[in-house]
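Colleague: Please walk me through this one. Keep it brisk.

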Amino acid sequence: AFPSTHIDRALLSSLTIAAADVSFLALGSPLQDAWVQLCREEAAELAPTDGLAFSRHGGEAEEVNVGSWLRGMTEIVAVPLFETLGKLPGASHHFSTPLKHLR
């Protein structure tokens, strides 16, 4: 059943928006490749301005390893978020596949 109070509806809306924001992490591996590439490109664009995205080795810039960042996002944000949404009445079967991909 849809939440009846304003606060409960706002909470559910916030969780849904947050899930949409990290939903690319719940895609199967082949579908994540485009997102990984996009993250690499965005990190490379930031490298000249913040000095953190690339490390230098022998004067050459190394490719950004976004894998650890994506794993962190998955463990800290996506898994708990999708687990929480999966606990809503009637929602568990909708979240079983995304949770399988997240783990």
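Modeller: Helices (H or I, at least four residues) and strands (E, at least two) are DSSP runs, numbered from the N terminus. This is a predicted model: local features need pLDDT of at least 70, side-chain atom pairs count only at pLDDT 80 or more, and totals for chains, interfaces and linings use all residues. Residues are numbered from 1 along each chain as its sequence is written, and side-chain values use heavy atoms, with hydrogens and water left out.

Colleague: What pattern does the protein chain follow along the sequence?

Modeller: The protein chain has 4 helices and 2 strands. Read in sequence order, they give α-α-β-β-α-α.

Colleague: What share of the residues in the protein chain is buried?

Modeller: Buried means under 20% relative accessible area; exposed is over 50%, partly exposed lies in between (1.4 Å probe, protein chains only). The protein chain has 103 residues, and the buried share is 27%.

Colleague: Of the contacts with a separation of 6 or more, what share joins residues 24 or more positions apart?

Modeller: A contact means heavy atoms within 4.5 Å. One pair in space is Leu 15 and Leu 85, 70 residues apart in sequence but 7.3 Å apart C-alpha to C-alpha. For the protein chain, the share asked for is 51%.

Colleague: Where is the kink in helix α3 centred?

Modeller: Helix α3 covers residues 67–86. Its kink is about 40° (the angle between axes fitted to the seven residues ending at a residue and the seven starting there). The centre is Thr 74.

Colleague: Is Thr 74 buried or exposed?

Modeller: Thr 74 touches Leu 25, Val 79, Pro 80 and Leu 102, not counting residues up to four places away in sequence. Its relative accessibility is 11%, so Thr 74 counts as buried.

Colleague: At what angle do α1 and α3 pack?

Modeller: Axes are lines fitted to C-alpha atoms, for helices over the stretch in contact, and angles run from 0 to 180 degrees between N-to-C directions. Helix α1 spans residues 6–21, and its axis is 10 Å from that of α3. The packing angle is about 135°.

Colleague: Which class does that put α1 in, relative to α3?

Modeller: Under 35 degrees is roughly parallel, over 145 roughly antiparallel, 65 to 115 roughly perpendicular, and the rest oblique. At about 135°, α1 is therefore, relative to α3, oblique.

Colleague: Which residues does Leu 15 contact, leaving aside neighbours within four places in sequence?

Modeller: Leu 15 is in helix α1. The α1 side of the contact with α3 is made by Leu 12, Leu 15, Ala 18 and Ala 19. Beyond those neighbours, Leu 15 contacts Leu 81, Thr 84 and Leu 85.

Colleague: Which handedness has the crossing of α3 and α4?

Modeller: The axes of α3 and α4 (residues 92–102) come within 8 Å and cross at roughly 165°. The two helices are therefore roughly antiparallel. A crossing is left-handed if the near helix is turned anticlockwise from the far one by less than a right angle, and right-handed if clockwise. The crossing of α3 and α4 is left-handed.

Colleague: Which residues in α4 meet α3?

Modeller: On the α3 side are Thr 74, Ala 78, Val 79, Phe 82, Glu 83, Leu 85 and Gly 86. They meet Ser 92, Phe 95, Pro 98, Leu 99 and Leu 102.

Colleague: How far apart in space are Val 36 and Gly 67?

Modeller: Val 36 lies in helix α2, residues 29–50. Val 36 is buried because its relative accessible area is 16%. Outside its neighbours within four places in sequence, Val 36 contacts Val 66 and Leu 70. From Gly 67, 31 residues away in sequence, the C-alpha to C-alpha distance is 7.8 Å.
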